[in-house]
Amino acid sequence: TVSLPGIPESGVPPPSPLRLSRAEHAARVVRVTGYSLLLLGFPVEVPTHPLDAYQGGWSWRETGMALLLLAGMAGTVWSWRRRKGLGGAAPGWAIAGWAIAMLPVCNLAPLIHPLAMRYLCLPAAMLAGAVGSLVWALGRRNRWPVFLAGILGAVLLATLTHGRTGYWKNDLAYWEHQRELNPRDPLALAGAGYAWAESGRPDRAIGYYRRAVELDPGLVKPLHYLADLYLELGKQRLAWDAVQEALRREPGNVEALIKMGSLLSLQGRWDEATTLFQDLQRKSSRIGRMRERTQVALNLARCLEKTGHPGEALEAYEMASRVNPEHPLVLRGYAQALMRRGDFAQADERWNGLRRLFPDDLEITWEQGNSLALAGRHREALSCYQQVLAGKGTLFLRARAEYGRAIAYHSLGDRARSRQAREAAQR
């Protein structure tokens with residue numbers, strides 16, 4: 001028997017925001033602003049790490065400062081528009097754009113998610129527009145020297161930038177570059193691992209993930225990726241170890257608990273998996289992300305079906321559909337459960353919803369045909385099977401559609417067409 005860790009009764013705590021003192025906040029603003037200016041003058045290496053995860057709230061102080069700054073920028077642009085000697089309104093608008101782009105970075109406006117350092121390229125580009133407009137305006141009496149100097153500067157910076165962005169051609173090249181620059185950076189290693197996994201090289205990905213979690217004892221996300229990779233490779237024991245390590249590092253981690261329940265299901269330990277998902281479902285109001293709430297309800301429904309509780313499974317599918325009414329697996333599972341209960345009208349509604357969401361998925365059309373056939377609506381079922389045959393489905397799917405037609409024609413008393421469809425399926 002496995003010990004099933006659950007969500008703490010106090011709930012799933014959200015990531016703790018970084019609360020800075022006024023001095024720390026001011027220093028951070030200066031540092032980030034300086035980096036933005038550095039990007040303007042030279043294409044420096046852009047780190048992978050996000051900006052500090054300081055989260056501002058909608059307090060009167062922060063919101064008021066943001067509004068005052070925006071009002072000041074609007075006034076500056078308005079007054080600058082008549083200064084032809086300084087380029088008119090163009091530099092003012094560019095500086096206003098830079099200030100607006102810096103608002104979330106400096107937390108004068110609330111920041112919900114940490115931003116990547118690459119975001120600073122946006123305010124740097126805004127500021128570059130202001131500098132260019134000012135230089136052009138100040139050199140109005142000597143346009144050609146200014147123009148040529150600008151062209152040469154642009155070519156120089158473009159050459160340097162091209163050399164840097166060569167490794168940005170795709171995720172794999174970017175993260176491998178970051179890993180080479182920072183061989184002991186867990187984030188760079190985890191990013192490289194994810195890129196290798198997406199490129200079909202799980203062996204390389206596993207090595208990088210393991211190295212990342214060794215370097216950072218508090219890191220959990222790469223362990224989730226490790227568990228997924230091990231499952232794809234059929235190594236359930238190693239996947240289990242990765243999930244257990246994630247729960248040791250962060251007890252009550254919902255994603256790890258969901259993976260643990262899925263592993264129990266794969267091992268045929270349906271009762272234990274059901275207990276785990278029921279515990280998660282009882283505390284689902286404390287689970288912040290819709291994706292995880294959907295996974296909990298969906299997995300619970302499947303476990304209840306396997307343990308012989310179809311009525312409760314249907315309730316779980318209904319809960320999942322309330323959380324995420326357009327999730328394809330939820331709609332499919334719900335429709336199949338309704339079919340098994342004999343509620344063909346409601347099942348048909350779910351299939352129609354799926355077909356509206358995925359009009360090119362012929363598998364869904366075939367399943368709806370089966371649902372209609374079970375309900376005795378054989379002519380409508382024939383229409384679904386015909387649509388499958390008219391599409392570009394696999395040979396196996398086409399054979400199943402032909403068998404469906406054979407059964408439908410037989411039920412309608414058309415023995416000749418039933419035989420033809422059966423022969424077509426066998427071919």
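A nonpolar core is a set of buried Ala, Val, Leu, Ile, Met, Phe, Trp, Tyr and Cys residues joined through side-chain atoms within 4.5 Å. That definition governs the second stop of this tour, which is made on a predicted model.

**Whole chain**

Begin with the entire chain in a cartoon representation. Its secondary structure consists of 20 helices and zero strands. Of the 427 residues, 41% are buried. Switching to a surface display shows an exposed area of about 23400 Å², of which carbon and sulfur atoms supply 59%. Among contacts with a separation of 6 or more, 55% join residues 24 or more positions apart.

**The nonpolar cores**

Next, select L226, V243, M260, L276, F277, L280 and W351. These are the residues with the most contacts inside the largest nonpolar core, which has 60 residues. Centre the view on F277 and display its surroundings. Beyond its neighbours within four places in sequence, F277 is in contact with I258, G261, S262, V296, N299, L300 and C303. A second core, separate from the one just visited, has ten residues, including L362, L372, L389 and A401. In soluble globular proteins, nonpolar side chains tend to be buried together.

**Q281 in helix 12**

Select helix 12, residues 270-282, and locate Q281 within it. Is Q281 buried or exposed? Its relative accessibility is 15%, and Q281 therefore counts as buried, the cut-off for that class being under 20%. Apart from neighbours within four places in sequence, the contacts of Q281 are V296, A297, L300 and M319.

**P222 in helix 9**

Move to helix 9, residues 221-232, where P222 is found. P222 has a relative accessibility of 2% and so counts as buried. With residues up to four places away in sequence set aside, P222 touches A190, Y209 and V213. A distance monitor between the C-alpha atoms of P222 and L187 should read 9.3 Å, although the two residues are 35 apart in sequence.

**E250, between helices 10 and 11**

Now select the loop between helix 10 (236-249) and helix 11 (254-266), where E250 lies. With a relative accessible area of 37%, E250 is partly exposed. Its C-alpha atom is 9.0 Å from that of L219, a residue 31 positions away in sequence.

**Helices 13, 14 and 15**

The next stop concerns helix packing. Two packed helices are described by the angle between their axes and the distance between the axes.

Select helix 14 (residues 310-323) and helix 15 (residues 328-341). Their axes come within 9 Å and cross at roughly 150°. Angles over 145 degrees count as roughly antiparallel, and helix 14 and helix 15 are therefore roughly antiparallel to each other. The crossing of this pair is left-handed. To inspect the interface, show L314, Y317, E318, A320 and S321 from helix 14, which meet V330, G333, Y334, A337, L338 and R341 from helix 15.

Keep helix 15 on display and add helix 13, residues 290-306. The axes of helix 13 and helix 15 come within 11 Å and cross at roughly 30°. The limit for a roughly parallel pair is under 35 degrees, so helix 13 and helix 15 are roughly parallel to each other. Their crossing is left-handed. Here T294, L298, R302 and E305 in helix 13 meet L329, V330, A337 and R340 in helix 15.

**Helices 18 and 19**

Proceed to helix 18 (residues 378-390) and helix 19 (residues 395-411). The two pack at an angle of about 155°, with their axes 9 Å apart. Helix 18 and helix 19 are therefore roughly antiparallel to each other. Helix 18 passes helix 19 in a left-handed crossing. On the helix 18 side, display H378, L382, Y385, Q386, V388 and L389; their partners in helix 19 are L397, R398, A401, E402, G404, R405, A408, Y409 and S411. Two of these residues, L389 and A401, were also named in the second core.

**G393, between helices 18 and 19**

Finish at the loop between helix 18 and helix 19, and select G393 there. G393 has a relative accessible area of 25% and is partly exposed. Which residues does G393 touch, not counting those up to four places away in sequence? They are L362 and R398. L362 was named in the second core. A final distance monitor, from the C-alpha atom of G393 to that of E363, should give 8.3 Å across 30 residues of chain.

Notes
Residues are numbered from 1 along each chain as its sequence is written. This is a predicted model: local features need pLDDT of at least 70, side-chain atom pairs count only at pLDDT 80 or more; totals for chains, interfaces and linings use all residues. Side-chain values use heavy atoms; hydrogens and water are left out. Helices (H or I, at least four residues) and strands (E, at least two) are DSSP runs, numbered from the N terminus. Buried means under 20% relative accessible area, exposed over 50%, partly exposed in between (1.4 Å probe, protein chains only). Contact means heavy atoms within 4.5 Å. Accessible areas come from the Shrake-Rupley method with a 1.4 Å probe; for residues, only the protein chains shown count as cover. Axes are lines fitted to C-alpha atoms, for helices over the stretch in contact, and angles run from 0 to 180 degrees between N-to-C directions. Angles under 35 degrees count as roughly parallel, over 145 as roughly antiparallel, 65 to 115 as roughly perpendicular and the rest as oblique. A crossing is left-handed if the near helix is turned anticlockwise from the far one by less than a right angle, and right-handed if clockwise.
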